[in-house]
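Let's walk through this model from its aromatic rings outward. Keep the viewer open as you read.

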Amino acid sequence: MSLESMITGVGPFNSHLYFLQFLGSTEVEQPKGTEVVRDAVRKLKFARHIKKSEGQKTPKVELQISIYGVKILDPKTKEVQHNCQLHRISFCADDKTDKRIFTFICKDSESNKHLCYVFDSEKCAEEITLTIGQAFDLAYRKFLESGGKDVETRKQIAGLQKRIQELETENTELKNKVQDLENQLRITQVHAPPAGCVTPKSPSTDIFDMVPFSPISPQSSTPTRNGTQPPPVPSRSAEIKRDLFGAEPFDPFSCGAGDFPPDIQSKLDEMQEGFKMGLTLEGTVFCLDPLDSRC
């Protein structure tokens with residue numbers, strides 16, 4: 001479930017765009033911490049220094065910040081390279097010395113690893129940090145107002161769906177037992193011995209000389225008195241698919257996967273956990289040695 005479907009009424013916060021140089025991203029061990037991002041920044045700045053010495057340019061990207069997340073796009077094609085949801089962003093920091101370096105830590109949605117993204121801005125690193133903080137705060141409040149209060153209701157819906165499935169399974173088992181009993185009864189009637197001195201009747205007819213009704217009996221190949229074949233008896237499987245009015249019974253599990261997502265509760269819990277962890281904003285110093293200043 002995306003945050004767009006949980007939030008209505010965006011409010012005064014508009015989408016913010018920044019054009020930056022993208023140094024890249026690297027995996028980190030912790031979701032927060034100044035030392036964690038400092039090591040990541042130094043690692044990526046050193047990698048940029050090596051690439052520059054080889055004649056490669058640092059790629060430029062467009063950073064789009066809204067209450068739906070932080071997107072990294074190609075400035076020419078507008079192709080989304082990375083889409084970081086706000087509840088997955090746990091730490092955000094900017095360089096207080098040159099006002100250029102900006103970084104944040106986000107938990108990857110597929111691998112669940114923490115990745116540190118590093119950017120070189122045009123002396124607006126602090127502004128970007130504050131913008132992400134404002135977007136996070138607004139998104140969290142909107143989640144509590146619209147989505148958070150529905151968590152318990154969605155849990156009850158999930159419980160009812162599970163109970164319906166259990167009842168459907170139980171109903172199917174009972175139908176199978178009834179069918180087995182009817183089969184046994186039919187076999188017993190076919191092999192029953194003649195009764196005393198009473199003129200035996202054909203096991204396939206009743207006292208009125210008519211073929212008894214059996215919903216599971218196969219179509220008899222014996223012609224009736226007038227020489228015509230009896231009408232075909234509907235099979236058991238056909239009866240299950242239609243009710244006595246000829247309509248197909250309602251099946252709540254025939255809905256598409258998009259109607260009742262099986263992992264909707266886990267996504268809500270994940271969003272709730274991410275927002276409760278909070279976003280740490282911090283200003284620090286990343287340039288620690290002469291190599292950093294040359295990058």
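Start with the rings: in this predicted model, ring pairs tie F22, F102, F104, Y117 and F119 into a cluster. Six aromatic pairs turn up in total. Take F22 and F119, which are stacked, with 5.0 Å from centre to centre and 25° between the planes. F22 sits in strand 1 and F119 in strand 7, so this pair ties together parts that are 97 residues apart in sequence. Both F22 and F119 are buried. Now look at F104 and Y117, another stacked pair, at 5.1 Å centre to centre with 20° between the planes. Here the link runs from strand 6 (F104) to strand 7 (Y117), 13 residues apart, and F104 and Y117 are buried too.

What about the backbone around those rings? Strand 1 and strand 7 run antiparallel and are joined by seven bridges; one to look for pairs E27 with L115 in strand 7. Strand 1 also pairs with strand 2, again antiparallel, over six bridges, and there Y18 has L63 as its bridge partner.

L63 is a handy way into the interior. Along with F104 and F119, L63 has the most contacts inside the largest nonpolar core, a set of 31 residues. Helix 2 is the top contributor to this core, with eight residues. Beyond its neighbours up to four places away in sequence, L63 touches a list of residues including Y18, I72, F102, F119 and I128. There's also a second, separate core: 13 residues, among them L23, F91, I105 and C116.

How values were computed
Residues numbered from 1 in each chain as written. Predicted model: local features only at pLDDT ≥ 70, side-chain atom pairs only at ≥ 80, totals over all residues. Heavy atoms only, no water. Core = buried A, V, L, I, M, F, W, Y, C linked by side-chain atoms within 4.5 Å. Buried < 20%, exposed > 50% of the residue type's maximum accessible area, 1.4 Å probe, protein only. Helix = DSSP H or I, 4+ residues; strand = E, 2+ residues; numbered from the N terminus. Contact = heavy atoms within 4.5 Å. Pairing = 2+ DSSP bridges. Phe/Tyr/Trp six-rings, centres within 6.5 Å; stacked < 30°, edge-to-face > 60°.
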